[in-house]
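Reader: I have a structure open and would like to learn how to read it. Could you take me through a few features, one at a time?

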Amino acid sequence: MKYTYACKKVSLNDSIKAYTEKKISKLEKYFREDTTAFVTFSVEKDHRCTVEITVRSGSALLRAQTEAPDGDMRGAVDAAVGYIERQILKNKTRLSKRLRSEGFPPPAPAGDFDVAEEKEFSVIRTKRFSVKPMSTEEAILQMNLLDHSFFVFRSSEDDSLCIVYRRKSGGYGLIVTDEEE
């Protein structure tokens, strides 16, 4: 596995890098050799450590972002790796086609894990609505008026399908789609 690190408002020592690589390497049994792990470390004003791990293996993309109080970078790494492993185990049937199938252990007896695999995705409700052209600011205003965490709209600038969403860390995010030809 190839590792790439980014640091925001924190300097990273070699012991944290070695610890992170040791923890992420436990996930290598699920992935092929061409897998990359991108790890971002940051520290906020209130000494909260944030670790974001993005693992890319072929077409599979797994991401975890965790926070730990009081500068506990190792605790944040443990939580992020644990989250990714739970996601893999929860979706192992679907992911085994994209990841290394021999990396998955045989089914364990009931009660060994608190992670139950989802057998199927059940759509509870379907909504249909017209997507109107508007600016990003108008979409954010509309999302806030509806008290939703995201809002789908068509950009008035280039007519692309876009999504605005409220970020956990504050502020807003924008997803812009590209039409495939």
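Reader: Which residue follows helix 4, and what is the sign of its phi?

Author: Start with the terms: helices (H or I, at least four residues) and strands (E, at least two) are DSSP runs, numbered from the N terminus. Here, aspartate 147 comes after helix 4, and its phi is positive, near 60 degrees.

Reader: Thanks! What should I know about the model itself?

Author: This is a predicted model, in which local features need pLDDT of at least 70, side-chain atom pairs count only at pLDDT 80 or more, and totals for chains, interfaces and linings use all residues. Residues are numbered from 1 along each chain as its sequence is written, and side-chain values use heavy atoms, with hydrogens and water left out.

Reader: Which residues of helix 4 are buried?

Author: Buried means under 20% relative accessible area, exposed over 50%, and partly exposed in between (1.4 Å probe, protein chains only). In helix 4 (residues 136-146), the buried residues are Ala139, Ile140 and Met143.

Reader: Why do they lie on the same side of helix 4?

Author: An α-helix has 3.6 residues a turn, so residues three or four places apart point the same way. The buried residues of helix 4 cover an arc of only 100 degrees around the axis, which puts them on the same side; the arc is that of the directions from the helix axis to the C-beta atoms. On the other side, Glu137, Leu141 and Leu145 are exposed.

Reader: What do the buried residues of helix 4 pack against?

Author: For contact, look for heavy atoms within 4.5 Å. These buried residues pack against strand 5, strand 6, strand 7 and strand 8.

Reader: In what order do those four strands form a sheet?

Author: Two strands pair if DSSP finds at least two bridges between them. The four strands form an open sheet in the order 5-6-7-8, with mixed pairing. Strand 5 (133-134) and strand 8 (172-176) are the edge strands, each pairing on one side only. Strand 6 and strand 7 run antiparallel and are joined by five bridges; for arginine 154, the bridge partner is leucine 161 in strand 7.

Reader: What lies in the loop between strand 6 and strand 7?

Author: Aspartate 159 has its place in that loop, between strand 6 (150-155) and strand 7 (161-166). Its phi is positive, about 65 degrees, although aspartate 159 is not a glycine. With a relative accessible area of 48%, aspartate 159 is partly exposed.
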